[in-house]
Amino acid sequence: MDHFSYRNNELFCEDVPVTRIADNVGTPAYVYSAATFLHHYDAVTKAFAALDPVICYSIKSCANLHICRLLRDRGAGFDVVSGGELVRALEAGADPAKIVFAGVGKTDEEIHGAIDAEIGWFNVESEAELENLIAIAESRRAAVRAALRVNPDVDPKTHRYTSTGKKETKFGVDLERARRAFETYGRQNSVQLCGIHLHIGSPVNTVAPYVQAIEKGLALINELRSDGFKIDMLDIGGGFGAHYKAAEAPAAVKYAEAIVPLLKGKDLQIIMEPGRSIAANAGILVTKTLYLKKSGERDFLIVDAGMNDLLRPSLYEAYHFAWPVKPPPEFVTNERGENVSLPGLLPMDVVGPVCESGDFLAKDRRLPPMKRDDLLAVFSSGAYGMVMTSHYNSRPNPPEVLVEGDSFRIIRRRETYEDLLAAER
Ligand SMILES: *Cc1c(COP(=O)(O)O)cnc(C)c1O
């Protein structure tokens, strides 16, 4: 569900025509719908209300300060994975008690920063990191709460690059090691090892892997409790799906129907870390056609956004539905995905200007006829879009625009050539 739809033969974001935004800020540009962010955030809060969880929005999915503020105002905490994300969360006015800090390679500087900020929990990913955290906490006589990230060895059936809960990944420790880690480190006082963290991957478009992971996590918690450890939190991570093709992602209530009964009455503070399921469908990338290049079987649509603007297609072969912002009337449709079939569509690859064969946004598609200057919307780009931009080919990063009802504002300006050079002056 999102607030991007065709009305009067053109694409609107909420009540603003996308063409108006493009005229104002140029292309390429990220355009976000505030109502969509809030809709998805509210859906999770509501579905899981029975567990009264702390919902820590995963900043890495879409990190703009104004988005963070929007969600903080709605009650969100934050899942951060770096010192930079911590700074963002604090700048956005986050309640530090609702911040969790994960990541396999936290530096001493980042750990000190998080202790200074008095964040809620560290999610610790290895014994070595835990030893370091204990040493730092001891040296500062700080009270620190931590959960151990456990790798439950379940297969989330997603891309191998975004699968994090199988044995062979670098994340967390396995169940056996987790028990030993509690034996070794669970009885000192500087770091209160009080919980378990599970994050199995993303997007996880089925409910079963969560059930498996949580059942394994709960069994471990039972064992730990009977060994005398005080376990009071369980962080079930993020990874809920989003709609990229059609309506492939289960709704928040579907996940909740399976997960809530498992966790109800277990005397655990539940933490959730949704990112993609809140942000993905809340944003599009708007790009402009530069050239059409005939090339035998199919044509190349060369647009002004490339892999440096939206990396997911190149990195994961991710599918993003792409459609003209103002198509000829016979091609106006609110359907999305691979099944859109209208007479007159043409085979096309949508590619960017970057000097790499892997620089494509949409491969092997059927699109309405396009001409120079036509705008194209690349849908479901709100999560892992802007945050993965680079300056490759010395391309300045696009602006971000937030739409609320019938108004819009620039929440990140377009970078300039001077921005590209500034750190080298
Ligand atoms: C990336 C990440 C998330 C968010 O995943 P989504 O798929 O965006 O919901 C949550 N927790 C951790 C530890 C992560 O690394």
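This is a short tour of a predicted model, starting at the ligand and moving out to a salt bridge and a few unusual backbone spots.

**Stop 1: the ligand.** Select the ligand and show the residues around it. There are 14 of them, and Lys60, Ser202, Glu273, Arg276 and Tyr384 come nearest. Colour that shell by residue class and you get two nonpolar, seven polar and five charged residues. If you have a pocket display running, look at where the ligand sits: its space is the largest pocket.

**Stop 2: contacts to the ligand.** Keep the ligand in view and go through three residues in turn.

- Tyr384: a polar side-chain atom here is 2.5 Å from an oxygen atom of the ligand.
- Glu273: an N or O atom of this side chain lies 2.6 Å from a nitrogen atom of the ligand.
- Gly239: here the partner is a backbone N or O atom, 2.8 Å from a ligand oxygen.

Now switch on a surface. How much of the ligand does the protein bury? On its own the ligand exposes 390 Å², and the protein buries 94% of that.

**Stop 3: a salt bridge.** The whole structure has 24 salt bridges; one to pick out is the pair Asp309 and Arg395, whose side chains meet at 2.9 Å, N to O. Trace the chain from one partner to the other and you'll see that the pair links distant parts of it, 86 residues apart. Asp309 sits in the loop between strand 14 (299-303) and helix 11 (312-316), while Arg395 is in the loop between strand 18 (375-378) and strand 19 (400-404).

**Stop 4: cis peptides.** Go to Thr27 and Pro28, which are joined by a cis peptide bond with omega about -10°. Pro28 is in the loop between helix 1 (18-25) and strand 4 (29-33). Then jump to Ser202, which you met among the residues nearest the ligand. A cis peptide bond joins Ser202 to Pro203, again with omega about -10°, and Pro203 belongs to the loop between strand 10 (191-197) and helix 8 (208-226).

**Stop 5: a positive phi.** Finish at Asp267, in the loop between helix 9 (252-263) and strand 12 (269-272). Is its phi positive or negative? Positive: phi of Asp267 is near 60°. Why stop for these backbone spots? Most residues other than glycine have a negative phi, and most peptide bonds are trans.

Note on methods. Residues numbered from 1 in each chain as written. Predicted model: local features only at pLDDT ≥ 70, side-chain atom pairs only at ≥ 80, totals over all residues. Heavy atoms only, no water. Near = heavy atom within 4 Å. Polar contact = N/O pair within 3.5 Å; in protein donor to acceptor, adjacent residues only side chain to side chain. Areas by Shrake-Rupley, 256 points an atom, 1.4 Å probe, with all protein chains shown as cover. 1 Å grid on protein atoms, 1.4 Å probe; cavity = no way out; pocket = protein on both sides within 12 Å on 5 of 7 lines; lining within 4 Å. Sits in = over half its atoms within 2 Å of the grid points. Nonpolar A, V, L, I, M, F, W, Y, C, P; charged D, E, K, R; others polar. Salt bridge = Lys/Arg side-chain N within 4 Å of Asp/Glu carboxyl O. Helix = DSSP H or I, 4+ residues; strand = E, 2+ residues; numbered from the N terminus.
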